[in-house]
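I opened the notebook today to go through one model, element by element, and to write down what I looked up.

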Amino acid sequence: MTTKTAPGTVLPRRPAPKALVGRRAWDVRPLYEPAIFAVVLSIGYFVLPSSWQYTLTIGVIYSLLATSLGILFGWTGTYTFGHAAFFGMGAYATALLRTESWNALLFLGLSAVVAAIAAVVIGLLGGRLVKVEFAMLTMIVGQIAYLLTFKIGPLGGDNGLVGITRGSVFGFDVTSNNSFWIYTIVVIAVVMGILRRINLSSFGASLNAIRDDPVKAASIGLPVKGLRLAAFTLSGAVAGLAGALFAQQGGIVTPDTLSFTFSGQIIIMALLGGMYRFWGPAIGALIFQLLSTAVFGNSSNGTLYLGVILLVVVLVFPKGVLGLLERLSNRFPVLGRLRRGRKA
Amino acid sequence: MTSTLTVTGLSASYGLASALKSIDLRVEKGRCVGLLGRNGAGKTTLLKSIVADPEITVRGDVAIDGRSLRKLATYKVARLGVAWVPDTRRIFTRLTVAENLDIARRRGVASDQLERVLEAVPLVRGLLKRAGYELSGGEQQAVTIARALMSAPDFLLLDEPTEGLSPLIVEQLQASIARLPEIFDLGVVVAEQNFRFVTDLADEVHVLETGEMVWSGTPELLVSDPDLVDRHLSVGEK
């Protein structure tokens with residue numbers, strides 16, 4: 001072996017920096033961020049008038065749903081126009097399995113598995129498709145799933161399925177609104193904590209890499225198709241879990257939960273908060289829910305007002321509310337703490 | 001352990017447009033091979049063909065120690081030990097430098113690989129916590145090379161590593177690359193238009209012109225023949 005250029009001085013050996021090898025071991029964001037999320041919302045839930053409680057409960061379930069979309073759009077750069085299908089599948093799975101004797105958590109797990117299996121099948125079908133082509137596939141599959149709810153008798157057609165009970169969790173009754181809130185917020189905080197951990201892991205960074213440049217990601221040994229499928233499956237499972245919570249909350253599931261319109265609303269929720277921040281879609285979903293029900297719900301022009309607000313957000317703050325905070329933090333350093341760490 | 005990357009009768013095309021014709025190349029671990037040629041000569045296409053870029057249709061064979069890489073996906077070629085640093089040198093800008101390095105580490109790679117990489121490319125040591133988009137062109141190039149080394153490759157393919165860099169940075173980069181074959185026991189292929197960079201660095205040089213390999217030999221031989229350089233590498237009237 002020959003090296004023709006003088007190699008220069010060999011540097012003295014130093015210990016490997018912890019920034020790389022140990023960074024994620026001590027990162028406590030997956031612990032405290034969901035805790036803050038849960039505590040703040042719970043304070044709101046118990047302090048605000050009871051008329052807001054329904055809105056908050058649905059809003060927090062949508063937060064989880066929008067975060068599941070963020071796994072695809074924000075983390076991975078994979079687009080879907082049929083995300084409501086997984087939410088609906090989870091909701092219908094819980095409705096079909098309804099029985100009072102099971103632990104309520106079991107429905108969440110089973111619904112997540114059902115939606116994950118559907119996601120694997122769709123992901124494999126669209127393995128060679130990317131970007132808009134893949135989004136079109138998800139839209140078509142979503143529409144087929146939506147139409148099937150009318151065609152398959154046991155799914156209840158137009159009327160959907162009713163009589164879904166909330167049940168209990170390890171003997172803790174969750175049938176009352178307050179106890180169901182505690183059950184919901186704890187489940188969602190735990191799932192968000194797990195997702196945050198994944199987001200900050202090597203797996204999460206790998207998803208970001210294939211989002212930014214799939215060709216270069218492959219050139220360093222990342223299996224792009226496999227990672228996309230994994231992200232799609234994870235996203236589907238989380239959406240299915242959110243669907244199960246939704247079914248337990250309302251006691252009824254209708255075909256609307258799988259509709260194309262609802263898929264569009266999930267995208268709007270995520271855009272509103274900021275797709276490229278971990279907490280952006282969740283915050284966007286809360287804002288969307290508050291605006292669409294608590295603020296404009298009783299107005300005949302509510303949808304119009306909401307549309308105008310969304311238009312302003314998309315045009316003026318394309319990175320959503322958290323993107324706006326980021327811009328403000330550049331001017332006001334005290335806000336800078338909000339933007340520490342990697343984006344989604 | 002001696003290991004050899006062999007390219008045999010390789011022809012490549014982008015759709016109907018032919019880009020390479022019947023190229024033969026042999027790279028041994030521990031040696032540095034230079035590819036010289038003008039713009040469009042086929043240097044980048046050759047490197048992309050080796051790493052199985054899906055945009056390119058390839059005939060012929062690429063193998064490591066007789067094992068063909070032809071039918072493999074790009075990421076599998078990378079996992080078999082061929083690291084590619086593309087010409088645009090873009091790192092994943094929304095990740096930190098540490099994350100850029102972390103995602104490239106293959107399973108089974110020694111735990112001290114990071115330290116070895118940082119010793120070989122010392123510029124990267126002070127950048128670990130910075131986001132990719134904060135880096136200058138030279139820093140990005142250093143990170144892309146460090147990232148490629150994190151997978152402990154047997155062969156490192158560098159495409160136009162000096163493109164857009166200042167002479168001082170090019171000098172530092174050259175010193176770093178020169179040490180790589182020895183430190184990591186790997187074979188290096190450098191595709192460049194920078195004549196001096198390649199002839200200073202390489203153990204053997206191949207000259208490409210319009211997709212064909214028109215000359216192969218030692219850098220000393222190439223440097224000593226101004227007519228040859230003029231014919232194949234200069235621009236303007238000849």
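Which residue takes a positive phi in the hairpin of β1(B) and β2(B)? I found that B:Gly15 does, with a phi near 65 degrees, in a hairpin that has two residues between the strands. I note at the outset that the model I am reading is predicted.

**Entry 1, the sheet with that hairpin.** I followed strand β1 of chain B, residues 4-14, and saw that it pairs with β2(B) in the antiparallel sense, over eight bridges. I looked up two positions along this pairing: B:Thr4 stands opposite B:Glu28 in β2(B), and B:Ala12 stands opposite B:Leu20 in that strand. The two strands belong to an open sheet of four, with the order β2-β1-β4-β5 in chain B and antiparallel pairing. At the edges I placed β2 (17-28) and β5 (67-68) of chain B, each of which has a single partner strand, so one side of each is left without a neighbour in the sheet. Helix α1 of chain B, residues 43-50, packs on this sheet and touches β1, β2 and β4 (57-64) of chain B, while its direction makes about 115 degrees with that of β1(B).

**Entry 2, the six-stranded sheet.** I then traced an open sheet of six strands in chain B, which has mixed pairing and the order β6-β7-β8-β3-β9-β10. Here the edges are β6 (82-85) and β10 (212-217) of chain B, and because each has a single partner strand, one side of each is left without a neighbour in the sheet. Neighbouring strands of this sheet are turned by 15 degrees against each other on average, with direction ignored.

I went through three of the pairings:

- β7 (residues 155-159) and β8 (residues 187-192) of chain B run parallel and are joined by five bridges, and B:Leu158 stands opposite B:Val190 in β8(B).
- β3(B) and β9(B) also run parallel, joined by four bridges, and B:Leu36 has B:Val207 of β9(B) as its bridge partner.
- β9(B) and β10(B) run antiparallel over five bridges, with B:Met213 in β10(B) as the bridge partner of B:Leu208.

How many residues lie between β9(B) and β10(B) in their hairpin? I counted two, and B:Thr210 in the turn has a positive phi of about 40 degrees.

**Entry 3, helices on the six-stranded sheet.** I returned to the pairing of β7(B) with β8(B), which has five bridges, before turning to the helices. Helix α5 of chain B, residues 137-149, packs on the sheet and touches β6 and β7 of chain B, its direction making about 170 degrees with that of β6(B). Helix α9 of chain B, residues 226-233, packs on the sheet as well, where it touches β3 (32-36), β9 (204-209) and β10 of chain B, and its direction makes about 40 degrees with that of β9(B).

**Entry 4, cavities.** I found three cavities of 30 Å³ or more in the structure, the largest of which has a volume of about 50 Å³. What lines the largest cavity? I listed residues of both chains, including A:Ser219 and A:Ile220 from chain A, and B:Trp84, B:Arg147 and B:Ser151 from chain B. β6(B) gives the most to this lining, with three residues, and both β6 and α5 of chain B supply at least two residues each. Sorted by class, the lining has seven nonpolar, two polar and one charged residues.

**Entry 5, chain A.** In the unreviewed UniProt entry I looked up the annotation "transmembrane region", which covers several spans of chain A, among them residues 31-48 and 104-127. Residues 31-48 of chain A are 94% helix and 0% strand, and the end C-alpha atoms of this span lie 26 Å apart. For residues 104-127 of chain A, I noted 92% helix and 0% strand, with 34 Å between the end C-alpha atoms.

Definitions and conventions: Residues numbered from 1 in each chain as written. Chains lettered and ligands numbered in written order. Predicted model: local features only at pLDDT ≥ 70, side-chain atom pairs only at ≥ 80, totals over all residues. Heavy atoms only, no water. Pairing = 2+ DSSP bridges. Axes fitted to C-alpha atoms, helices over the stretch in contact; angles between N-to-C directions. Contact = heavy atoms within 4.5 Å. UniProt positions renumbered as here; feature names shortened; annotations may be inferred. 1 Å grid on protein atoms, 1.4 Å probe; cavity = no way out; pocket = protein on both sides within 12 Å on 5 of 7 lines; lining within 4 Å. Points joined across faces, edges and corners; volume = space filled by probe spheres on them. Nonpolar A, V, L, I, M, F, W, Y, C, P; charged D, E, K, R; others polar.
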